[in-house]
Amino acid sequence: MKKIEAVIKPFKLDEVRESLSEIGVTGLTVTEVKGFGRQKGHTELYRGAEYVVDFLPKIKLELVLADNMVDAAIEAITKAAHTGKIGDGKIFVSAVEQVIRIRTGETGEDAV
């Protein structure tokens, strides 16, 4: 099993969710986060004063999948989140040793 963490632009969330649903992903966790990479933030004007916004709003998706679904999920996220502009995001994939469904006690891929 693998855990996929994807950090994307907020307005791309619905497209990514729909794309993942089409390939059979049944669950994911979404968190509103802030951060920056090469974008380095930007300058805004508020009530005549200029200030720097260092951390930009992003969405972090987390999903745990069977190994055979990982490549399809990465492709779905990449296609749906792509704008071609700086700040499209990143995808991180890591191994998951164990999953336990609290309600039923199921373990492994049965719990995903």
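In which strand is the place of threonine 29? In this predicted model, selecting threonine 29 brings you to strand 2, and that is where the tour begins.

With threonine 29 still selected, display its surroundings: leaving aside residues up to four places away in sequence, threonine 29 touches Lys60, Leu61 and Glu62. Its relative accessibility is 44%, and because buried means under 20% and exposed over 50%, threonine 29 counts as partly exposed. If you then add valine 64 and draw a C-alpha to C-alpha distance, you will find 9.6 Å between two residues that lie 35 residues apart in sequence.

Next, select strand 2 (29-35) together with strand 5 (residues 56-65); strand 2 and strand 5 pair in the antiparallel sense over seven bridges, and within this pairing valine 33 stands opposite lysine 58 of strand 5.

Move on to strand 1 (residues 2-8), which runs antiparallel to strand 5 and is joined to it by seven bridges; here alanine 6 has leucine 61 as its bridge partner in strand 5. Strand 1 also pairs with strand 6 (residues 89-95), again in the antiparallel sense and over seven bridges, and on that side isoleucine 8 has glycine 89 as its bridge partner.

Now show the four strands together: they form an open sheet in the order 2-5-1-6, with antiparallel pairing. Strand 2 and strand 6 stand at the edges with a single partner strand each, so one side of each is left without a neighbour in the sheet. From one strand to the next, the twist averages 20°.

Bring in the helices after that. Helix 1 packs on the sheet, where it touches strand 1, strand 2 and strand 5, and its direction makes about 10° with that of strand 5. Helix 2, for its part, lies across strand 1, strand 5 and strand 6, running at about 5° to strand 1.

The last selection is the largest nonpolar core, a set of 16 residues in which Ile4, Ile8, Val16, Leu20, Leu61 and Leu63 have the most contacts inside the core. Two or more residues come from each of strand 1, helix 1 (13-22), strand 5 and helix 2 (70-81), and helix 2 gives the largest share, six residues. To finish, centre the view on leucine 63, which, not counting residues up to four places away in sequence, touches Lys2, Lys3, Ile4, Leu20, Val25, Gly27 and Leu28.

Key:
Residues are numbered from 1 along each chain as its sequence is written. This is a predicted model: local features need pLDDT of at least 70, side-chain atom pairs count only at pLDDT 80 or more; totals for chains, interfaces and linings use all residues. Side-chain values use heavy atoms; hydrogens and water are left out. Two strands pair if DSSP finds at least two bridges between them. A nonpolar core is a set of buried Ala, Val, Leu, Ile, Met, Phe, Trp, Tyr and Cys residues joined through side-chain atoms within 4.5 Å. Buried means under 20% relative accessible area, exposed over 50%, partly exposed in between (1.4 Å probe, protein chains only). Contact means heavy atoms within 4.5 Å. Axes are lines fitted to C-alpha atoms, for helices over the stretch in contact, and angles run from 0 to 180 degrees between N-to-C directions.
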